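Hi,

Here's the structure I promised to pass on. Have a look at it first, and then read on for what turned up.

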Amino acid sequence: MFDKILIANRGEIALRIVRACRELGVRSVAVYSEADAAAPHVREADEAVCIGPAPSAESYLLGDRLIEVALRLGAQAIHPGYGFLAEREWFAQAVTDAGLVFIGPPASAIAAMGSKTAARQLALDAGVPVVPGTQEALTDADEARSIADRFGYPVLLKAAAGGGGKGMRVVREAAEMADALDSARREARNAFGDDAVYVEKYIEGPRHVEIQLLADQHGTVLHLGERECSIQRRHQKMIEEAPSVAVGPELRARMGETAVAAARAAGYVNAGTCEFLLDRDGNFYFLEMNTRIQVEHPVTELVMGVDLVQWQIRIAAGERLPFSQDQLTPNGWAIECRITSEDPANGFLPSTGRVTYLHLPSGPGVRWDGGIETGSEVGLFYDPMLAKLIVHARTREQAIARMHRALLELTIEGVDTSRDFHLRVMENPDYRSGDISIQWLERNLEALTQAPPPAEGVRIAAIAAALLADAERVRPAVAIRSDAASPAVANDASAPSEWARAARLAGLRR
Ligand code: MV4
């Protein structure tokens with residue numbers, strides 16, 4: 001095992017990696033920008049080094065500087081987390097060339113999965129089902145129309161360099177093709193510096209289901225079941241679950257074997273994820289492979305009982321995976337809500353400021369993977385995700401009730417957050433029945449983002465409680481709630497935050 005690891009990241013994932021290191025008896029080195037000098041990941045790590053000013057291009061993205069720091073402090077390996085340098089082939093190679101271990105896949109596997117068309121070809125060659133479509137970049141609209149005639153409309157134009165939905169256009173009839181191709185090209189050129197675009201059959205109303213993989217250096221490749229990630233807005237996931245309501249043991253085994261075949265074909269090592277579209281008839285299609293630990297990894301950890309971040313480190317140190325595939329079946333249900341500093345009532349506008357008050361949920365089956373604390377300054381330099389609230393229970397219904405309860409316990413003051421939006425999702429009948437697709441959130445935004453006005457009596461009680469609390473310097477008791485005996489999901493679900501809101505109204509807090 002390593003003596004010391006450098007963590008090339010910030011926020012909740014840096015802290016998550018510090019925790020894995022500590023449990024493994026490995027020393028951790030945090031790096032931080034000037035904006036993060038007081039951040040929890042810096043204080044919790046064994047050592048910390050400032051690497052530059054706030055903009056990530058001058059700090060967290062300076063791979064060569066991070067490698068220098070690792071060498072200077074005697075670290076043997078670098079964990080990239082997600083985002084920043086995690087999927088940059090050159091960084092993985094530079095770490096290796098410096099005589100350090102990159103805690104992730106070989107640079108060649110990052111490269112193989114980096115181009116969407118290359119990944120598609122690799123999947124095809126490995127017998128992995130992909131959406132019907134072409135392999136080669138389109139030359140012109142005439143060619144695109146003749147291909148679309150073959151597959152039938154609607155079709156989807158996709159950027160070969162792709163990712164994040166950039167350079168994607170749905171084309172529903174031949175007359176739309178020329179304009180759609182032009183705009184897809186333009187967007188792809190701007191986003192990736194490569195305007196190659198190809199055609200796929202457009203799958204209507206699918207789910208986004210992904211398979212978690214672990215592969216060691218000795219040829220063992222295992223899957224750890226699926227995550228349901230359909231609840232997303234503009235390609236940003238908001239809520240994830242494991243398992244998926246749409247996947248049973250038989251489909252899980254088939255999707256899992258498929259993902260394992262794709263990973264083997266890419267020469268994959270360490271933790272990775274294969275993304276699939278799952279249509280309403282139970283057909284699945286490989287989309288791409290993410291060659292990193294993902295934000296939503298905790299839901300898999302909870303249902304599989306496997307610490308994925310520890311295993312990333314163990315695998316990088318040469319350990320063998322000690323499980324067999326038939327020992328890996330999901331136990332219970334896990335749900336994750338990404339708590340972001342965005343105002344759902346205001347088009348998810350990013351919110352900034354100081355976290356003046358933070359009360360964290362706890363109790364049975366609750367996990368908080370966060371990167372903030374009272375006093376943290378939330379700016380615009382980095383991703384708006386502040387923390388992840390994750391719950392585990394025996395059934396999906398119980399997990400939803402538990403998440404709802406945990407969200408009620410959560411108070412974040414000083415910045416607007418997605419908390420109330422998550423409460424409303426947990427109360428939503430479609431969500432509760434599991435009847436969702438990748439389009440569900442954007443089609444139901446209105447119902448999920450408008451705050452129902454609190455009953456007048458509740459408001460007056462809230463103001464009174466806030467005044468009292470301010471006088472006594474304590475947090476108001478929730479016992480004043482009029483619906484204390486109401487069922488697991490109360491219809492005035494956001495009531496506890498009314499105390500906080502009332503305090504603001506009364507001018508007692510910011
Ligand atoms: C698709 C699709 C429907 N049909 N491909 C979006 C990002 C990129 N990774 C792949 N994406 C999609 N590809 C075909 N042939 C729908 C999407 C898609 C999507 C996929 C996963 C998660 C969220 C999504 C949101 C919109 C569109």
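Which strands each supply at least two residues of the shell around the ligand? They are β6 (155–159), β8 (197–201) and β13 (284–290). Helices and strands here are DSSP runs, numbered from the N terminus, with at least four residues (H or I) for a helix and at least two (E) for a strand.

Before going further, some ground rules. This is a predicted model, where local features need pLDDT of at least 70 and side-chain atom pairs count only at pLDDT 80 or more, while totals for chains, interfaces and linings use all residues. Residues are numbered from 1 along each chain as its sequence is written, and side-chain values use heavy atoms, with hydrogens and water left out.

Back to the ligand. There are 16 residues around the ligand, and K158, E200, K201, I203 and E288 come nearest (a residue is near if one of its heavy atoms lies within 4 Å). By class, the shell has eight nonpolar, four polar and four charged residues. For that split, Ala, Val, Leu, Ile, Met, Phe, Trp, Tyr, Cys and Pro count as nonpolar, Asp, Glu, Lys and Arg as charged, and the others, Gly among them, as polar.

Three side chains make polar contacts with ligand nitrogen (pairs of N or O atoms within 3.5 Å; within protein, one must be able to donate a hydrogen and the other to accept it, and residues adjacent in sequence count only if both atoms are side-chain atoms). For K158 the distance from a side-chain N or O atom to a ligand nitrogen is 3.0 Å, for E200 it is 2.9 Å, and for E288 a polar side-chain atom sits 2.8 Å from a ligand nitrogen. Taken alone, the ligand exposes 530 Å², and the protein buries 89% of that (Shrake-Rupley areas with a 1.4 Å probe; for residues, only the protein chains shown count as cover).

Now to the strands. One open sheet has five strands in the order β3-β2-β1-β4-β5, with parallel pairing; strands pair if DSSP finds at least two bridges between them. Its edges are β3 (47–52) and β5 (101–102), each pairing on one side only. Strand β4 (residues 77–79) is joined to β5 by two bridges, and A77 has V101 as its bridge partner.

In another part of the chain, β21 (residues 385–393) is largely enclosed by the rest of the structure, because nine of its nine residues are buried (under 20% relative accessible area; exposed is over 50%, partly exposed in between, with a 1.4 Å probe and protein chains only). Strand β14 (residues 333–340) pairs with β21 in the antiparallel sense over eight bridges, with A334 partnered by H392. Strand β19 (residues 366–370) also pairs antiparallel with β21, over five bridges, and there V366 stands opposite V391.

One residue to click on is S59, in the loop between β3 and α3 (63–73). Is S59 buried or exposed? S59 counts as buried, because its relative accessibility is 0%. A polar atom of its side chain lies 3.0 Å from the backbone oxygen of P55. Leaving aside residues up to four places away in sequence, S59 touches S33, I51, G52, P53, A54 and Y382 (contact means heavy atoms within 4.5 Å).

Finally, the overall numbers: the protein has 18 helices and 22 strands, and buried residues make up 55% of its 510 residues.

Cheers
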